[in-house]
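Biologist: Hi! Could you walk me through this protein in plain words?

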Amino acid sequence: MTPHNPVELVPYDPQWPAHFQRIRNRLFTWLPQALFIDHIGSTSIPGMTAKPLIDIDIVLPGLEHIADATAVLLAEGYEPRGNRYDDEVWAFLSRGSVPAERVYLCPACNGTHRNRLAFRDYLIAHPMSASEYAALKRRLAAEFRTDGDRYTAQKREFVDTIVARALEGSA
């Protein structure tokens, strides 16, 4: 089996928030129509073990803005990664940057974006759940070292449980 999508986890880097701010400022310059540009994913959770990849949601006023924003990202060297989950969220990767960046375009009021913020905020507010998530990630990274898709899929139940707790407001 050849490595398809290797999983590399690193300890939390306290520079990740500053990297995000720099990237955010650049993205707002390129995409002034963006309503919000939010740091999501594990690098947005202080202390969290993560892939060295800054995940960012770019919230646009509506679906009609996706094509223009896509053209801008492509012109700036981002690689398109598609809409894998049919959720009106389009992914792009910038491999040339350090750390790497994965940005997502989504329209306002998008459920995936809402869930990502709920997950992030819940783990920030609940260190025990964040610790459980970090342990799960380490175990899955060891088990699926060369299969990033399975690594991600195996986290789904935990993520869904946390999102449900966050959205219903339970501890």
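Biologist: At what angle do α4 and helix α5 pack?
Modeller: Happy to help, and keep in mind that this is a predicted model. Helix α5 covers residues 148–168, and α4 packs with it at an angle of about 170 degrees. Their axes are 9 Å apart.

Biologist: Are α4 and α5 roughly parallel or antiparallel to each other?
Modeller: Roughly antiparallel, because an angle over 145 degrees counts that way and theirs is about 170 degrees.

Biologist: Which residues make that contact?
Modeller: On the α4 side they include Y133, L136 and L140. On the α5 side, F158, V159 and I162 are among them.

Biologist: And how do α3 and α4 pack?
Modeller: Here the angle is about 110 degrees, and the axes are 5 Å apart. That makes α3 and α4 roughly perpendicular to each other. In α3, the residues F119, Y122, L123, I124 and A125 meet P127, S129, A130 and Y133 of α4.

Biologist: Let's look at A130. Is it buried or exposed?
Modeller: A130, which lies in helix α4, has 11% relative accessibility, so it counts as buried. Leaving aside residues up to four places away in sequence, A130 touches M48 and L123.

Biologist: How far is A130 from G47?
Modeller: Along the chain they are 83 residues apart, yet their C-alpha atoms are separated by 8.8 Å.

Biologist: New topic: the sheet. In what order do the strands come?
Modeller: The order is β1-β2-β5-β4-β3, an open sheet of 5 strands with mixed pairing. At the edges sit β1 (36–40) and β3 (79–82), each pairing on one side only. From one strand to the next, the twist averages 25 degrees.

Biologist: Which helix packs on the sheet, touching β1, β2 and β5?
Modeller: That's α3, residues 111–125. Its direction makes about 50 degrees with that of β1.

Biologist: In which sense does each pair of strands run?
Modeller: Let's take three pairs. β1 and β2 are antiparallel, with 5 bridges, and H39 has I56 in β2 as its bridge partner. β2 and β5 run parallel and are joined by 8 bridges; there, I58 has L105 in β5 as its partner. β3 and β4 are antiparallel over 3 bridges, and G82 is partnered by A91 in β4.

Biologist: How many residues of β2 are buried?
Modeller: 8 of its 8, so β2 is mostly covered under the cut-off of 20% relative accessible area. In a regular strand, side chains alternate between the two faces of the sheet. In β2, L53, D55, D57 and V59 point one way, while I54, I56, I58 and L60 point the other way.

Biologist: What does I58 touch?
Modeller: Not counting residues up to four places away in sequence, its contacts include L27, F36, V103 and L105.

Biologist: Which residues have the most contacts inside the largest nonpolar core?
Modeller: They are L27, I56, I58, L73, V103 and L105, in a core of 19 residues. The elements giving two or more residues to this core are α1, β2, α2 and β5. There is also a second, separate core of 18 residues, with V7, M48, A134 and I162 among them.

Biologist: One last spot: where is S97 found?
Modeller: S97 is in the loop between β4 and β5. With 17% relative accessibility, S97 counts as buried. Its side chain reaches the backbone oxygen of P99 at 3.0 Å.

Definitions and conventions
Residues numbered from 1 in each chain as written. Predicted model: local features only at pLDDT ≥ 70, side-chain atom pairs only at ≥ 80, totals over all residues. Heavy atoms only, no water. Core = buried A, V, L, I, M, F, W, Y, C linked by side-chain atoms within 4.5 Å. Buried < 20%, exposed > 50% of the residue type's maximum accessible area, 1.4 Å probe, protein only. Helix = DSSP H or I, 4+ residues; strand = E, 2+ residues; numbered from the N terminus. Contact = heavy atoms within 4.5 Å. Polar contact = N/O pair within 3.5 Å; in protein donor to acceptor, adjacent residues only side chain to side chain. Pairing = 2+ DSSP bridges. Axes fitted to C-alpha atoms, helices over the stretch in contact; angles between N-to-C directions. Parallel < 35°, antiparallel > 145°, perpendicular 65-115°, else oblique.
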